[in-house]
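Grab a pencil and take a look at the structure below. A few exercises follow, each with a solution worked out in steps.

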Amino acid sequence: MREIISLEPVFKEMVWGGKKLQEYFQYEIPGDHTGEAWVVSAHPQGDCRIEEGSFSGHTLSWLWDNHRELFGNLEGKEFPLLVKFIDAKTDLSIQVHPDDAYAGAHENGARGKTECWYILDCEENSDIIVGHHAKTKEEMKRMIDEGRWEDFLRVEPIHPGDFFQIPPGTVHAIRKGTLLIEIQQNSAITYRLYDYGRLSGGKPRQLHIRQALDVVLCPFEKGEALPKVYREEEYDRTFLVACQFYTVEKYDIRGTLLLRQDQPFLVVSVIAGEGMVDGRPVKAGCCLILPSGYGKARIEGQLSIITAHV
Ligand code: ZN
């Protein structure tokens with residue numbers, strides 16, 4: 001049987017970050033403003049190291065380049081997914097991502113970004129920005145020029161367990177008091193529309209209004225994200241999303257789950273509780289990759305996991 005690949009997170013200090021990643025997952029975070037833990041990443045800005053086993057000390061990008069058989073011999077220059085835990089102590093800037101076509105043409109052949117969020121925890125009366133209220137690009141431009149952000153932005157209340165799919169061209173922002181897991185295409189191309197006039201190191205952060213106007217879809221259309229739950233005796237399976245770039249599901253386990261791994265690879269992120277994966281102890285915050293050909297994984301305990309594959 002092939003080895004499970006376990007990875008060390010890469011932490012990112014952010015002006016808007018906090019300490020919840022430590023409180024929630026007992027991570028050893030680098031400071032009081034830790035915004036992100038990149039838990040499954042081969043991105044050059046945060047390439048995770050393999051914790052143990054035959055490939056211990058190598059990075060995920062190295063493994064992708066040198067042992068493609070572990071990923072079902074998928075094609076592609078880069079490992080396709082990026083998984084992060086995000087702690088927003090204050091609001092993130094309002095942003096939008098391009099699709100593959102726009103990023104390819106305007107960002108040196110880079111990839112666009114589709115992402116999704118599963119809310120792990122949030123303060124009472126928290127909300128999130130997904131979409132906007134402008135009917136046309138002209139109206140959108142006017143609202144932005146005039147700084148009418150409250151009219152422009154579409155705000156939605158959130159609760160733990162909510163799920164959002166964010167296709168390219170969707171105006172979005174995570175807001176204060178939110179802890180979530182994000183699964184996305186492996187890309188860092190972001191166009192910032194608005195940063196609440198904040199300063200970072202004495203200066204406002206760069207905005208990218210022209211590119212954002214190019215890529216924002218207008219009018220906004222809310223996708224139908226209706227998670228489907230399948231109840232079994234020892235676990236519930238919740239189907240969250242399947243799109244061109246990833247399929248994401250959640251399992252709430254109270255006993256034993258035999259998880260079939262017949263994908264090129266399967267990312268397993270423990271979001272709550274603790275248990276065992278084929279005899280290996282895991283707890284909230286542990287992220288593993290089950291390689292190609294792994295077969296069935298026996299997951300036992302009282303825990304919730306999010307799985308992702310391409
Ligand atoms: Zn984003």
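The exercises go through rings, cysteines, a lysine and a pocket.

A word on the ground rules: this is a predicted model, where local features need pLDDT of at least 70, side-chain atom pairs count only at pLDDT 80 or more, and totals for chains, interfaces and linings use all residues. Residues are numbered from 1 along each chain as its sequence is written, and side-chain values use heavy atoms, with hydrogens and water left out.

**Exercise 1.** Work out how the rings of Y24 and F25 are arranged.

Step 1: know the rule. Rings of Phe, Tyr and Trp (its six-membered ring) pair if their centres lie within 6.5 Å; planes under 30 degrees apart count as stacked, over 60 as edge-to-face and the rest as tilted.

Step 2: apply it. The ring centres of Y24 and F25 are 5.3 Å apart and the planes stand at 75°, so this pair is edge-to-face.

Step 3: look around. Ring pairs tie F11, Y24, F25, Y27 and F85 into a cluster, and the count for the structure comes to 16 aromatic pairs.

Step 4: check exposure, where buried means under 20% relative accessible area, exposed over 50% and partly exposed in between (1.4 Å probe, protein chains only). F25 has 1%, so F25 is buried, while Y24 has 31% and is partly exposed.

**Exercise 2.** Find out how many disulfides there are.

Step 1: recall that a disulfide is a covalent bond between the sulfur atoms of two cysteines. The test here is a pair of cysteine sulfur atoms within 2.5 Å.

Step 2: try C122. Its closest cysteine sulfur, in C116, is 17 Å away, too far for a bond. C122 is also buried, at 13% relative accessibility.

Step 3: try C286. The closest cysteine sulfur is in C287, but 7.4 Å is too far for a bond. C286 is partly exposed, at 24%.

Step 4: the search of the whole structure gives zero disulfides.

**Exercise 3.** Decide whether K77 is buried or exposed.

Step 1: K77 has 72% relative accessibility, so K77 counts as exposed.

Step 2: for a sense of distance, K77 and A272 are 195 residues apart in sequence and 33 Å apart in space, C-alpha to C-alpha.

**Exercise 4.** Sort the lining residues of the largest pocket by type.

Step 1: set the classes. Ala, Val, Leu, Ile, Met, Phe, Trp, Tyr, Cys and Pro are nonpolar, Asp, Glu, Lys and Arg charged, and the others, Gly among them, polar.

Step 2: the lining then splits into 13 nonpolar, 11 polar and 11 charged residues. A lining residue has an atom within 4 Å of a point of the pocket, an open set on a 1 Å grid over the protein atoms alone where a 1.4 Å probe fits, with protein on both sides within 12 Å along at least five of seven lines.
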